[in-house]
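Me: Hi! I've got a structure open here and would like to talk through its pocket and its charged pairs. Can we go over it together?

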Amino acid sequence: MPETIIHALVLIQNWGEDGDIISVLRKNKHVISLFHIMGRHSYLIDANFDDKAQLAAWINRMKSIKHASGAPVIIAIQTQRIIDVHKKKEDFTLTDYMNMRDRFHFFVKIDNPHHDRGLLKLLSKSPIVHSILHVQGENSFTIEVIVDDYGKYRDLLSEMKKLETIHHIETQEVISVIKYRNQVVDESGRAVKRTDDIRELYTL
């Protein structure tokens, strides 16, 4: 990853109807990918920024979005700088996500404060783990799991729990993929690339 660019995972918890925040995030040039997820947060975002000032301005912009009643749309926002990308999907598109209706899709947060080698070896060789991000913040790694049989994910969890270095595991199931690598779904239901998005760097 270019050292001058800040790559971040952003977790957002919103309140009320989703339409306003989705519209803003779909069009935002810093939002490379946008996933609607279950769990403590509503959305997981793959984003990048030129510097900390640009990131701070973006966070303030997100916090300023309000409902017609004046209540804030976003009630919690968490940013995690991406330290390293150990595994990511190649030649994968929004259409590929749209076509995997019968598969389970998760993001998994793993708190592994020390001795990463054993965990990375386990995750890297697993065919159901498609992305591995080393991040700052409350967890050490965020991984993406795509699997056709939930039992295979259960087996992976069992293997991870054998590692004494892991303190906590949190699974966030993906409800839908709204934007991926600057592609969105148009009114006809096709995946199209936003022409006003010029940022092509991604970590997921």
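Me: Let's start with Lys162: is it buried or exposed?
Reply: Happy to help! Bear in mind that this is a predicted model. Lys162 is exposed, because its relative accessible area is 59% and the cut-off for exposed is over 50%.

Me: And which residue does Lys162 form a salt bridge with?
Reply: Its partner is Glu159, and the closest N and O atoms of the pair are 3.0 Å apart. Glu159 is partly exposed, with a relative accessible area of 36%.

Me: Which residues are joined into one network by salt bridges that share partners?
Reply: That network consists of Arg40, Lys109, Glu138 and Glu170.

Me: How many salt bridges turn up in a search of the whole structure?
Reply: The search finds seven. One of them pairs Lys89 with Glu144, with 2.6 Å between the closest N and O atoms.

Me: Where do Lys89 and Glu144 lie?
Reply: Lys89 is in the loop between β4 (74–87) and α3, while Glu144 belongs to strand β7 (residues 141–147), so their salt bridge ties together parts that are 55 residues apart in sequence.

Me: Are those two buried or exposed?
Reply: Both Lys89 and Glu144 are buried.

Me: What about Lys152, which residue does it meet in a salt bridge?
Reply: Lys152 meets Asp148 there, at 3.3 Å from N to O. With a relative accessible area of 40%, Lys152 is partly exposed.

Me: Switching to the pocket side of things, what volume does the largest pocket have?
Reply: Its volume is about 220 Å³. The lining has 13 residues, and those closest to the pocket's centre are Tyr97, His105, Ile175, Ser176 and Val177.

Me: Which elements give two or more residues to that lining?
Reply: Those are α3 (94–98), β5 (104–111) and β8 (168–180). The element that gives the most is β8, with five residues.

Me: And how does the lining split by class?
Reply: There are eight nonpolar, two polar and three charged residues in the lining of the largest pocket.

Me: One last thing, where is His30 found?
Reply: His30 sits in the loop between α1 (19–27) and β2 (31–37). His30 is buried, with a relative accessible area of 7%.

Me: Which backbone oxygen does the side chain of His30 reach?
Reply: The His30 side chain reaches the backbone oxygen of Asn48, at 3.0 Å.

Technical notes: Residues numbered from 1 in each chain as written. Predicted model: local features only at pLDDT ≥ 70, side-chain atom pairs only at ≥ 80, totals over all residues. Heavy atoms only, no water. 1 Å grid on protein atoms, 1.4 Å probe; cavity = no way out; pocket = protein on both sides within 12 Å on 5 of 7 lines; lining within 4 Å. Points joined across faces, edges and corners; volume = space filled by probe spheres on them. Helix = DSSP H or I, 4+ residues; strand = E, 2+ residues; numbered from the N terminus. Nonpolar A, V, L, I, M, F, W, Y, C, P; charged D, E, K, R; others polar. Salt bridge = Lys/Arg side-chain N within 4 Å of Asp/Glu carboxyl O. Buried < 20%, exposed > 50% of the residue type's maximum accessible area, 1.4 Å probe, protein only. Polar contact = N/O pair within 3.5 Å; in protein donor to acceptor, adjacent residues only side chain to side chain.
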